[in-house]
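Could you walk me through this structure, one selection at a time? I have it open in a viewer and would like to know what to click on next.

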Amino acid sequence: MKHLLRRRFTTMTAVDAIDLSIEPGEALAYVGPNGAGKSTTIKLLTGIVEPTGGEVRVGGIVPHRDRQANARQIGVLFGQRTQLWWDLPVRESLALLRDMYDISPTDYQRQLDRFDEVLDLGALLPVVTRKLSLGQRMRADLACALLHQPKIVYLDEPTIGLDIAVKDRVRDFLRQLRAEGTTIMLTTHDLADIEGTCERIVIIDDGKIIYDGGLAEVKDRYARERRVHLQLGTPITAADLAARFPAAAVTPGEAHGEFTISFDKSLLTAGAVLTGVAQLAEVVEVRIDEPAIEDVVRRVYAGELNITPGPADAAGAHPPSASPTSAHPAGTHAASARAAYAAGAADARAAGVPGAEDVTGAAGDVDPAEEASR
Amino acid sequence: MKVYLAIARVTARSVLAYRGAYALGIAGSCFQLLATTALWTALLAGGASIGGFDLPEMKAYLLVGFATGLIGTLVGDWVLANRIRDGQVALDLVKPIDTQKVFFAQNCGGLGLEIVFIAVVSGVFVLLAGPMPGPADGWLFAASLAFVLPIRFGITFLTTMLVFWTENHHGVVWARDGVAAVLSGAIVPLAMMPGWLQSAAAVLPFAGLTSTPALIYLGKAPNPGLLIAIQAGWAVALWYLARFAFRGASRQITIHGG
Amino acid sequence: MTAALLRDLRLYRRCLGAVIRGIMEYVADFWILIGAGIVTQSLGLVFLGVVFAKVPTLAGWTFPEMVLIYSLFGIVAGVLPIFADGIWNLGRLIHEGRFDYLLTRPYSPLLQVLSRSMGFNGVGDTLASLAMFGWAVAHVDVAWTPGTVLVGLVLLASAIALRLALLVIGNSAAFWVRSPFVFAITVLRVGELGRYPIGIYGLGIRLLLTTALPFAFTAFYPAAWLLGRGGQAWLGLGTPLVAALAWLAALKIFNLGLRRYESSGH
């Protein structure tokens, strides 16, 4: 019995002094390592959890206090969990959401037509949720999140585990939404999700915002390295290539004729490399790697990069978040949070965030004798 | 053999880890024991007897019924049911182990904690519910008790096969447990039932779950050797019936592609 | 206020309707569950039938009276799975993190949970119990007037509401512990004592069933009022009040749980 009630988790700060405001129509990429506090921020903004300190406002509403009013203006997708009714066909789940959000029949039909067009939803409508593949499920879940045409959309890992074709489809759709003026907050591990959708990026680590500024700037400043992988048809040595490109590093690949040329894109371009190589040898195959945003984040995390808001941010088109109240008149933000959240949450544990002292007591740890006894 | 012993050991350990939850579940079952005891106490007050049972005997009958009702139930059949339902069982089939033996080993693994619970509840029951007779013949009773686990396992494993055809395990469990409760004598001693039901119960395996051990405990069985032989016969028969059924059922899933 | 209430009801009906359409895809399950319900409810009848073949009364109660109490309990317990079985999903929703979504929709989370599934076993329970109840009513001595019928129906509705409140309380344990089922099931097992006249129990159990877990009000007290016996027959009229108090407690506990809620995982 003691076992049943034992306190297990300790309090950790999942989000600490996040200070963030998002303008209407803005598309924001919210990235950071696992357990950095991304999901917790979204839960704060959706009203799922209440901040232990600070203030959260979305379109003038305090989410956790007025959850249902907030619900009407937001759409949420947690990529790793479905909101579809498990045993029902997709059509029924959507119809239930239509009723809950009081969507008129004409609006509903228009949305379905639209989802059919961009997500090929029509084919999924008669399928029961548990028989959907991951990609199909994600498409249906996107439809659920956007059915009521929310002003603000939170997407937590909307492309996780999807194959390329579905990912592209989802990204196209995000760009469309963006073009229509929907406010988007997107967390992801995949830089390609952000490309063309978000122009602002916020990097969070250890519950704190460590960078807030333009996506182009962060890439310019911290993700300048490019790698060109080559398969050459003419015998040539790494030294020959290195002599041709003094500003680049050349490493031979495993197979004969394979080379990787790494360079800073401000010093050299991929085009110049290819032209140069073509003069020396026959190029059979080419692949160009851009660093993923998580590489940047990881390097920040490992202390290899020290991000400070530099001139690029100050001059950039996107105001640094600074203080929402001073930078913008109160109430004009789509969403703003100056909040902290401390809890025995799994996020915090996954992050391995140190500094767990205060025991609040949380979930016990019993497992099911459940069905056995029911 | 070694692998099944290991499975039993692992199960015993994991069951132990959730002892708190199980204990709470058992506490719930104790209320059932309490209700039936109260009913019989009201019925048999003042030295009355029904169907040849007086109050102390009836209390002993209920306690044995509680104990046998606990044996082989801690490790639920839903483990197997879920494995069948989500198709995992197809993976088991390609392993060099026998699914039936694995689940029997798991049931054996739960036995230790079951015995602890039975001992605790029995102790408290004897203290609170007052005088009742001890076992008429300890050895015969123990022998009869030993067959409860294999018989219950056979019935459970056999009925769980139905999950190959229906998604709904709960319904199967409820129906099976209901039928077993009546025909095993757990609801009322079989001797009080109408004649036709008694004869049906005599040839079915369920009596071996409750009635046989309880009657042997009370020394009310005219031919305990025969009753134990019937138990043994059912234990073996159910094992092979279940084996046969499982082979047929799993062939079904492999045909359907799992 | 009324408009909001009507909307809640309409949405509830829609959710339940969708769930029923989903279940009807599995006809075999439907019949298995109904059969299981009938078997389960008949168990006690087997006991009572066998016993009353040997004795005329049990603690002063006749066979039809016992069947009346027993079957009333069965009706109350059987109706709930039909329209509020979703409460048993609460634990799973919370621990799989899907409860998050319920909080992002403009509809009461509790109503969303309750309407999330349907137990057809309740149909079997209710049918079997209604049959027993009908037989019992024909064999007990009750002077039926329109007033008795009306009050009887109010008591029945209150008893159903009361049991649901107790289930909500039991399952709300999910907000605090990882295995909510055992708590709710233990509550139910205690409740099973309410199938019989509570006079057969000791004082402690009688108090438990009347106050902390007032399952005696889900069948015994209302039946005792109808039969005009059992010592405190008037207590049966208190069922609506007890139900209201239980709902206050249930809502309080559910909301405390909501506040306590931290979603797991990412």
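How many disulfides does the structure hold over all chains? The count is 0, a disulfide being a pair of cysteine sulfur atoms within 2.5 Å. To see one example, select C:C15: the nearest cysteine sulfur is that of A:C144, 13 Å away. C:C15 is buried, at 2% relative accessibility. Buried means under 20% relative accessible area, exposed means over 50%, and partly exposed lies in between (1.4 Å probe, protein chains only). Another cysteine to click on is A:C198, buried with a relative accessible area of 5%.

Before going on, a word on the ground rules. This is a predicted model, in which local features need pLDDT of at least 70 and side-chain atom pairs count only at pLDDT 80 or more, while totals for chains, interfaces and linings use all residues. Residues are numbered from 1 along each chain as its sequence is written, chains are lettered from A and ligands numbered from 1 in the order in which they are written, and side-chain values use heavy atoms, with hydrogens and water left out.

**Stop one: salt bridges**

Side chains of opposite charge can pair when their charged atoms come close. Here a salt bridge is a side-chain nitrogen of Lys or Arg within 4 Å of a carboxyl oxygen of Asp or Glu. Over all chains, the whole structure has 27 of them.

Start with C:D100 and A:R81, whose closest N and O atoms are 2.7 Å apart. This pair crosses between chains: C:D100 belongs to helix α5 (residues 99-103) of chain C, and A:R81 to the loop between β4 (74-78) and α4 (90-100) of chain A. Helices (H or I, at least four residues) and strands (E, at least two) are DSSP runs, numbered from the N terminus. Both C:D100 and A:R81 are buried.

Next, pick A:R110 and A:D107. Their salt bridge has its closest N and O atoms 3.1 Å apart. The two sit 3 residues apart in helix α5 of chain A, so about one helical turn separates them. Each is partly exposed: A:R110 has a relative accessible area of 47%, and A:D107 comes in at 24%.

Now hop over to chain B and select B:E57 with B:K220, which meet in a salt bridge at 3.2 Å, N to O. This one links distant parts of the chain, 163 residues apart: B:E57 is in helix α3 (residues 55-70), and B:K220 is in the loop between α11 (211-218) and α12 (224-256). B:K220 is partly exposed, with a relative accessible area of 30%.

To finish this stop, highlight A:R72, A:D102, C:R7 and C:R10 together; a network of salt bridges links them.

**Stop two: surface patches**

Patches are made of residues with over 30% relative accessible area and no salt bridge; like charges are joined within 9 Å, and nonpolar side chains (Val, Leu, Ile, Met, Phe, Trp, Tyr) within 5 Å.

Select A:D113, A:D116, A:E117 and A:D120 to see a patch of negative charge on the surface. Lys and Arg count as positive and Asp and Glu as negative, with His and the chain ends not counted; the place of a charge is NZ of Lys, CZ of Arg, CG of Asp or CD of Glu. Within this patch, A:D113 is in helix α5 (residues 105-119) of chain A and is partly exposed at 44% relative accessible area.

For a nonpolar patch, try B:V116, B:V120, B:V124, B:L127 and B:L128, which have about 530 Å² of accessible area together. Accessible areas come from the Shrake-Rupley method with a 1.4 Å probe, and for residues only the protein chains shown count as cover. B:V124 is found in helix α6 (residues 99-129) of chain B and is partly exposed, at 43% relative accessibility.

**Stop three: backbone angles**

Most residues other than glycine have a negative phi, and most peptide bonds are trans. Go back to A:D120: its phi is positive, near 55°. A:D120 lies in the loop between α5 and α6 (134-146) of chain A and is partly exposed, with a relative accessible area of 31%.

Then select C:A59, which is not a glycine but has a positive phi of about 50°. Look for C:A59 in the loop between β1 (57-58) and β2 (61-62) of chain C.

**Last stop: a tryptophan**

Where is B:W196? Helix α10 (residues 195-203) of chain B holds B:W196, which is exposed at 62% relative accessibility.
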